There are 2 protein chains.
Amino acid sequence: MARLVMKFGGTSVANIERIRNVARHVKREVDAGHEVAVVVSAMSGKTNELVAWATEASALHDAREYDAVVASGEQVTSGLLAIALQALGIQARSWQGWQIPIKTSDAHASARILGIDGGELIKRFKERKEVAVIAGFQGIHEETGRITTLGRGGSDTSAVAIAAAIHADRCDIYTDVDGVYTTDPRVVPKARRLDKVAFEEMLELASQGAKVLQVRSVELGMVHNVRVFVRSSFDKPEDIDPNASQPPGTLICGEEEIVEAQVVTGIAFSKDEAQISVRQIEDKPGVAAAIFVPLADANINVDMIVQNVSEDGKTTDLTFTVPASDYVRAKETISRSKDTIGYKSMDSATDVAKVSVIGIGMRSHAGVAAQAFKALSERNINIRAITTSEIKFSLLIDAAYTELAVRTLHTLYGLDQA
Amino acid sequence: MARLVMKFGGTSVANIERIRNVARHVKREVDAGHEVAVVVSAMSGKTNELVAWATEASALHDAREYDAVVASGEQVTSGLLAIALQALGIQARSWQGWQIPIKTSDAHASARILGIDGGELIKRFKERKEVAVIAGFQGIHEETGRITTLGRGGSDTSAVAIAAAIHADRCDIYTDVDGVYTTDPRVVPKARRLDKVAFEEMLELASQGAKVLQVRSVELGMVHNVRVFVRSSFDKPEDIDPNASQPPGTLICGEEEIVEAQVVTGIAFSKDEAQISVRQIEDKPGVAAAIFVPLADANINVDMIVQNVSEDGKTTDLTFTVPASDYVRAKETISRSKDTIGYKSMDSATDVAKVSVIGIGMRSHAGVAAQAFKALSERNINIRAITTSEIKFSLLIDAAYTELAVRTLHTLYGLDQA
C-alpha cells in the first residue's frame, strides 16, 4: 500500500471521454490498494477562454477578480472527475482550494502556497477509502477569504505541495510526454528517456528550457523531498501494472536514490536569448551595480555575465544575456544609465542560443567542459560566452548552430541511444 | 439615497459587451447615490453546458458534485462584472455564495436558503461605497462546507433573499420582458403592462404560467415584504432616470401599496395540462384518499379536482388534472390501485387547457366568475371543470379554444389597452 498524488493536466481532461480515462487510471491505483489524491487542471482551452474574457472586460483587471474567474476552470474538472470516479464505484469527492484549505499569500494571479492541512484528506483515506479530487492551481488567502491562483502551470506546484502535506510516497505527474529526456527528441532523435533525475539536475533542465515540469514544482519537491514521477497520460490504464517497481517514466528524486550518477545527465537549450555587450567601461568599483541594479529594478532577468578587458587594455567589456522578450527594454535601461555607468558603446545580438550541459556527476569529474570546447571548435562553432556552476555549464553560441551543437554534445557525453 | 438589489439573468450577461452594458446600468444607480448589490446568473448557455457535462460523466451523478460543477457559471460572471465595474471607476468586488456566506440546506441541486448575514455587505456600502457583485443560484451548506445550488432559476430567489438580508428598498429583476402583463401579449396584442401587482396575485400568475419570475422568489418576497420590480435589461442605461418615482416595469408589492385594486388583474393560461376522469366509483368514505395518496407518493401534482354524481345516479365520478408530463404515470398509478379504489372505467384527455382569472379585488366582488361562464358560453366554449379560490378562479376547457377564451375574458374584465 502506498499513498499517491496523481496530477492530470488540461489535455488529459479535455473532454468527458478523457476524464473517464483519467478515472480508469485512478481506479487502477485504488484497486491496487493505494490511497490516492488526484490534482486536476482546467479542461484544455478553458483557462485561455476565461483569461480572454477577463482581459476583454478590462485590460487592467483586478487580479482578485481575475482569480475568481479563472479558478472556476479547475472547479469544473474536479467535480466532473469525482462524478466519473463514482460511476466506476469509487468513493470520491471534489475539493476546492478554499475547502481544504490550501492557504496562499495574497499575491493574486501568482500566489505562493503557505500551508496545507492534509489531516482531513488522510482521515478520509483511512475511514472511507475516499479519493480526494483536488482543483489544482488555486488556493485561498486566509485573511481576506478570497480565491487565489498560483499562476500558469500552477497545478504541478499544487500537486507537489499536496504530496508534501499528505506525506505521499510519490507524486505522479501525468503529461503528454512519457518522461524527461536527455535532450529534446525533436532535435536529437537519439535522445534517451532518463529513468531517474536528481532534483538539482531537473531544476537546471527545467529552467534551461525543458518544458516538462514547472520550475517551482521541482523546487518544492526538492525542499520537501517529494519524489516526483513524470509519466504519460496516453498509456492505456489497463496496460499498466500498478505494482511494477518503476512504470515507464522518469523519477525526479534525491541524489541518494541515484546509485550510479552519470557525469552528464542531459543537455538543455534555449533560443529565447539576447546578448548585450557594453564596451569600454571605466574600470572602477560600483560599475557592475550601475548596470545591473537598474535592470533588476525594471524586472529584467539577467542570466550569463562575462567580463573581459577591453581591446584598449585599460577599460572593461561586459557581456550579459537577457530573455529575448526583454531585449528592447534592457537596451533602453542601459542607455538611460549611460552617464552613471560611463561606457563608450553598446552592441547586441538576438540570434544567439544558450546550450547547457547538466549532470551532478560533474562535481567529481574534472575537464568535462574542456571536452565540450574542443568538440565544438572542431565543428567550427564559436563560443560567445561561458558560465559554469557545480553541476552545469552553459555556452552562448550563434543560434544557427544550436542543433549541431546539441547533437555534438549529446554524442560526446555518451547520451545517444544504443 | 436608496439601497437596491439589481438582478441580471443569463441573456443580460451573455458576453462581455452585455456585461459592460450591465455595468452601465449599475453605474447609473451608483451615480444617483444608491447603495447597490448586484446578483448575476451564468452567461446564457453556460449552465446548460455544465449540466450536460455532469450528465455525460454519469447520468446518475452525485448532486454535491453537480453543484460544484454548475455553480462555477455564476462565479465567472460575478468576477467579470466586478472587473467591468472597476473599469468604469466604480469600487466593486465579487462574492461567491460561500464567501458571504449564503447558508442553505443540504438538499443539493435544489437547496433552500436558511440565512444570509448581510452585515459585511452593508459595512462596505457605508465605508467604501463598494458595490457587491454576488453570484446567484448558489450557497453553502455550513456543516459540510460544500457548495449548494438552489435549482433552476434560483438567481431570482438569491436576489430577493439578499434584498431581505440587506434591508433593500427594492429588488430590481432585469429581464428580457419589460414587466408583468395582464396576459401573454403574444396571444392578446391588447395586453397591458401592469404598474403594480400584489404578491398574492403574482404568485397565482407565476404558478399559472406567466414565466417572468420564479414562484419561490415571489413567495420569499411576500414573506419578507421585499418590493420586487420587474424591468427590461434592454433599455439603454443612459435613457433611464434613476430618480423617477417609477421607471417602466412592474412593481410586485404588498396590497397596502395598491391604492385602487382592479377586480381582475390578469389572466393566465397553461396548455401543459391533462385531465383524468375516474368513472362510477363506489361512494364510500376513503375513496378520495385511495386515489390521491398513491399519486402524491408518486410525486405527481394534482391540480383541479371535481366530483360529480355518475350517470347511474348511485356512484360518483371524479375528474382531476395533472401536468401533461406526468399524464402516463398518473394513469398507471390509478390502474394499479383499481381494486382498492373500486371504479368501473377511466377516461382521459390531453388536449385541454387551464385558464385562470386572477385579482385581489375579487374578494370584495361577487359574481365575477358568473360573468365568465356567461361570456364563454356565448362563444360556445364548453367548461370541463372549475376551481375557485379567494383571489382566482380556473377553468378547464378544450385546448383549441384557449386563445379565444383568453381574449374573451381579457375584454370582458376591461383589461384591453385603450
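How far apart do the C-alpha centres of domain 1 of chain A and domain 2 of chain A lie? In this predicted model, the answer is 35 Å. The domain assignment of chain A puts domain 1 at residues 3-255 and domain 2 at residues 266-412. The two do touch: 16 residues of domain 1 of chain A are in contact with 15 residues of domain 2 of chain A. On the domain 1 side, helix α7 (residues 199-207) of chain A chips in with the largest share, four residues. That side of domain 1 is a mix by class, with seven nonpolar, four polar and five charged residues.

Next comes the meeting of the two chains. Here, 27 residues of chain A are in contact with 27 residues of chain B. On the chain A side, the elements giving two or more residues are α1 (16-31), α2 (46-57), α3 (63-70) and α4 (72-87). Of these, α4(A) gives the most, with 11 residues. Sorted by class, the chain A side that touches chain B has 14 nonpolar, 10 polar and three charged residues.

One helix pair across this interface is worth a closer look. The axes of α2(A) and helix α4 (residues 72-87) of chain B are 8 Å apart, and the two helices pack at an angle of about 25°. Angles under 35 degrees count as roughly parallel, and α2(A) and α4(B) are therefore roughly parallel to each other. The crossing of α2(A) past α4(B) is right-handed. From α2(A), the residues involved are A:L50, A:W53, A:A54 and A:A57, and they meet B:V76, B:L80, B:I83, B:A84 and B:A87 of α4(B). By class, this contact has nine nonpolar residues, with no polar and no charged ones.

Back in chain A, there is a sheet to follow. Six strands make up an open sheet with antiparallel pairing, in the order β14-β15-β13-β16-β18-β17. At its edges sit β14 (305-309) and β17 (383-389), each pairing on one side only. From one strand to its neighbour, the turn is 30° on average, direction ignored. At the β14 edge, β14(A) pairs with strand β15 (residues 316-323) of chain A over five bridges, in the antiparallel sense. In β15(A), A:D317 stands opposite A:N308.

A helix goes with this sheet too. Helix α10 (residues 327-336) of chain A lies across β13 (266-281), β15 and β16 (345-358) of chain A, and α10 runs at about 20° to β13(A).

Methods
Residues are numbered from 1 along each chain as its sequence is written. Chains are lettered from A and ligands numbered from 1 in the order in which they are written. This is a predicted model: local features need pLDDT of at least 70, side-chain atom pairs count only at pLDDT 80 or more; totals for chains, interfaces and linings use all residues. Two residues are in contact if their C-beta atoms, placed from the backbone, lie within 7 Å. Ala, Val, Leu, Ile, Met, Phe, Trp, Tyr, Cys and Pro count as nonpolar, Asp, Glu, Lys and Arg as charged, and the others, Gly among them, as polar. Domain bounds come from an automatic or database domain assignment. Axes are lines fitted to C-alpha atoms, for helices over the stretch in contact, and angles run from 0 to 180 degrees between N-to-C directions. Angles under 35 degrees count as roughly parallel, over 145 as roughly antiparallel, 65 to 115 as roughly perpendicular and the rest as oblique. A crossing is left-handed if the near helix is turned anticlockwise from the far one by less than a right angle, and right-handed if clockwise. Two strands pair if DSSP finds at least two bridges between them.
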